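Thanks for making time, everyone. I'll put one chain on the screen and talk through how it is laid out.

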Amino acid sequence: MNGIIINIDPIALYLGNFELRWYSVTILVAVFSGIAIAVYEAKRKGINPDILYSLVPWLLIAGIVGARLFHMIDQWDTMLPIHGR
């Protein structure tokens with residue numbers, strides 16, 4: 001194969017038995033960036049940012065559940081048991 005091969009360890013940080021993976025780092029950066037942008041825009045438009053802070057846990061839960069549901073619907077054919085075998 002004549003492509004570019006990059007050998008990167010999928011684990012960004014080891015702390016004893018705890019392993020922080022790169023995809024977790026990108027998700028955390030995205031969440032904190034989204035919160036920072038939302039707070040900046042709220043202040044710019046005169047909205048109390050405390051309202052956003054109280055919504056963050058609910059939005060994170062909804063995002064995780066929604067992503068899982070989307071994945072299940074997208075992979076529905078592979079999740080169904082094959083009958084007759």
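Let me start with a term: I call it a salt bridge when a side-chain nitrogen of Lys or Arg is within 4 Å of a carboxyl oxygen of Asp or Glu. By that rule, the structure holds 2 of them. Before we look at each, some housekeeping. This is a predicted model, so to speak of local features I need pLDDT of at least 70, and side-chain atom pairs count only at pLDDT 80 or more, while totals for chains, interfaces and linings use all residues. Residues are numbered from 1 along each chain as its sequence is written, and side-chain values use heavy atoms, with hydrogens and water left out.

Okay, the overall layout. The chain has 3 helices and 2 strands, and along the sequence they come in the order β-β-α-α-α. Those are DSSP runs numbered from the N terminus, with helices being H or I over at least four residues and strands being E over at least two.

What radius of gyration does the chain have? It comes to 20 Å, where a compact globule of 85 residues would be near 12 Å. That radius is taken over C-alpha atoms, and the globule rule is 2.2 Å times the number of residues to the power 0.38. The C-alpha trace spans about 60 × 40 × 35 Å along its principal axes.

How about burial? Just 6% of the 85 residues count as buried. Buried means under 20% relative accessible area, exposed means over 50%, and partly exposed is in between, with a 1.4 Å probe and protein chains only. The chain exposes about 7,800 Å², and carbon and sulfur atoms supply 68% of that. The areas come from the Shrake-Rupley method with a 1.4 Å probe, and for residues only the protein chains shown count as cover.

Now back to the pairs. Side chains of opposite charge can pair when their charged atoms come close. One salt bridge joins E19 and R21, with the closest N and O atoms 3.7 Å apart. E19 counts as partly exposed at 38% relative accessibility, and R21 is partly exposed too, at 29%.

The other one I'd point at is between the side chains of R44 and E41, at 2.7 Å, N to O. Both residues lie in helix 1, residues 22-44, and they sit 3 residues apart, about one turn of the helix. Here R44 is exposed, with a relative accessible area of 54%, whereas E41 is partly exposed at 27%.

Staying on helix 1, V31 lies there as well, and it counts as partly exposed at 25% relative accessibility. The C-alpha atoms of V31 and A12 are separated by 18 Å, with their positions 19 residues apart along the chain.

Then P10, which is in the segment before strand 1, 11-15. P10 is partly exposed at 47% relative accessible area. From P10 to I37 the C-alpha distance is 28 Å, and the two are 27 residues apart in sequence.

Last stop: which residues make the nonpolar surface patch? W58, I61, V65, L69 and I73 do, over about 560 Å². Patch residues need over 30% relative accessible area and no salt bridge; like charges are joined within 9 Å, and nonpolar side chains (Val, Leu, Ile, Met, Phe, Trp, Tyr) within 5 Å. Of that group, L69 lies in helix 2, residues 49-74, and L69 is partly exposed at 46%.
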